[in-house]
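Here's a quick briefing to read with the structure open beside you. It goes from the overall build to the pocket, the core, the salt bridges and a few spots worth a click.

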Amino acid sequence: MHQANITTLNSRPGLCSTHQLHTTKQITRQRIRAAHLTNTRPAARWRQVVAAMTDSYSIWIKPAGYMSEKLQQEIATQAQEFGAPLFEPHVTLLPGIDGDQEQVITTMQQLAQNIKRFRLNFLNVVHGQTFHKCVYILVAKEEAIMAAGAAAQQAFGKPTTDFMPHLSLLYADVDDATRAASQQAAVQRLYGEGSDYTTLLTDNGFVAEAISLWYTPAADRSLASWKQVAECQLS
């Protein structure tokens, strides 16, 4: 089980705090050396590494305080049970952002200045069919979150797509029966009488106060390379 690299950043309203990543070339060189030492077919490993190191960023909205603590606890419980990776609780505002890191940060800062703080409300725990949408909490498609999603798409020149805000609890490739069991267990811990109040969510949503930029190459399913690189306070 691997845990995404988590960086705590100081921030002030209207500004972005940043954490510089190693360059892709530096990381790639390290992984290429490892590939030649551990794989009898380095050419094949080379292709895998190049694919894995394609730079990609995502913009997240993260809960704080008690809400973050309880959701992180649920994510950790799921990860331990299924041997899945750990990650911070978040709602992805926009995935799949390519480009120069500094320019991406600048664009996100401008975006944050145009979004006022708003509340996200949870609906129910569901399960999907893909690794990144295995078990998650649906977020209500209310005006503020949908407007923020549309603004992010426009700011980064992305085509308008159907935005389904959600907060993942498990990243895994498992069968439907396992997904359903995981979903029901999460419902009981977060909302049900079986929570014993140690895992119970006492609120059904949270206020978005900031957006954060994460380095999230999709090919890295261990999440070992995932890092927060910037955080901007909303207006």
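Residues 24 or more positions apart supply 76% of the contacts in the chain, counting those with a separation of 6 or more. Keep in mind that this is a predicted model. The chain runs to 235 residues, and 47% of them are buried. Its secondary structure adds up to 6 helices and 9 strands.

**The largest pocket**

- If you're setting up a grid box, the volume to think about is about 590 Å³ for the largest pocket.
- Its lining takes in 25 residues, and the ones that lie nearest the centre are T92, L94, P95, G96 and K133.
- Three elements give two or more residues to that lining: β2 (57-61), β3 (91-97) and β6 (166-170).
- The top contributor is β3, which puts in 5 residues.
- Sorted by class, the lining has 11 nonpolar and 11 polar residues, plus 3 charged ones.

**The nonpolar core**

- The largest nonpolar core holds 56 residues, and I61, L169 and I211 have the most contacts inside it.
- Helix α4 (residues 101-113) provides the largest share of this core, at 5 residues.
- L169 is a good one to click on: setting aside neighbours within four places in sequence, its contacts include L71, E74, I75 and Q78.
- The contact list of L169 also includes F87, V125, V135, Y136 and I137, along with A186 and L190.

**Salt bridges**

- The count for the model is 6 salt bridges, and three of them are worth a look here.
- R189 pairs with E74, with the closest N and O atoms 2.7 Å apart.
- Since R189 sits in helix α6 (residues 176-190) and E74 in helix α3 (residues 65-82), the pair ties together parts that are 115 residues apart in sequence.
- Both partners, R189 and E74, are buried.
- E74 turns up twice in this briefing, as it is also in contact with L169.
- D162 makes a salt bridge with K141, and here the closest N and O atoms are 3.3 Å apart.
- That pair links distant parts of the chain, 21 residues apart: D162 is in the loop between α5 (143-155) and β6, while K141 is in the loop between β5 (135-139) and α5.
- How accessible is D162, buried or exposed? D162 is exposed, with a relative accessible area of 67%, because the cut-off for exposed is over 50%.
- K141 is at 47% relative accessibility, so K141 counts as partly exposed.
- R179 and D176 form a salt bridge too, at 2.8 Å from N to O.
- Both R179 and D176 belong to helix α6, 3 residues apart, or about one turn of the helix.
- R179 has a relative accessible area of 6%, so it is buried, whereas D176, at 42%, is partly exposed.

**Pairs far apart in sequence**

- A84 has its place in the loop between α3 and β3.
- With a relative accessible area of 4%, A84 is buried, since buried means under 20%.
- A84 and A172 are 88 residues apart in sequence, yet 6.0 Å apart in space from C-alpha to C-alpha.
- A151 lies in helix α5 and is partly exposed, with a relative accessible area of 26%.
- A151 and L111 are 40 residues apart in sequence, and their C-alpha atoms are 7.3 Å apart.

**A backbone angle to check**

- Which sign does the phi of L223 have? The phi of L223 is positive, near 65 degrees, in a residue other than glycine.
- For background, most residues other than glycine have a negative phi.
- L223 lies in the loop between β8 (210-215) and β9 (227-233).
- L223 is also buried, with a relative accessible area of 0%.

Definitions and conventions. Residues numbered from 1 in each chain as written. Predicted model: local features only at pLDDT ≥ 70, side-chain atom pairs only at ≥ 80, totals over all residues. Heavy atoms only, no water. 1 Å grid on protein atoms, 1.4 Å probe; cavity = no way out; pocket = protein on both sides within 12 Å on 5 of 7 lines; lining within 4 Å. Points joined across faces, edges and corners; volume = space filled by probe spheres on them. Helix = DSSP H or I, 4+ residues; strand = E, 2+ residues; numbered from the N terminus. Nonpolar A, V, L, I, M, F, W, Y, C, P; charged D, E, K, R; others polar. Salt bridge = Lys/Arg side-chain N within 4 Å of Asp/Glu carboxyl O. Buried < 20%, exposed > 50% of the residue type's maximum accessible area, 1.4 Å probe, protein only. Core = buried A, V, L, I, M, F, W, Y, C linked by side-chain atoms within 4.5 Å. Contact = heavy atoms within 4.5 Å.
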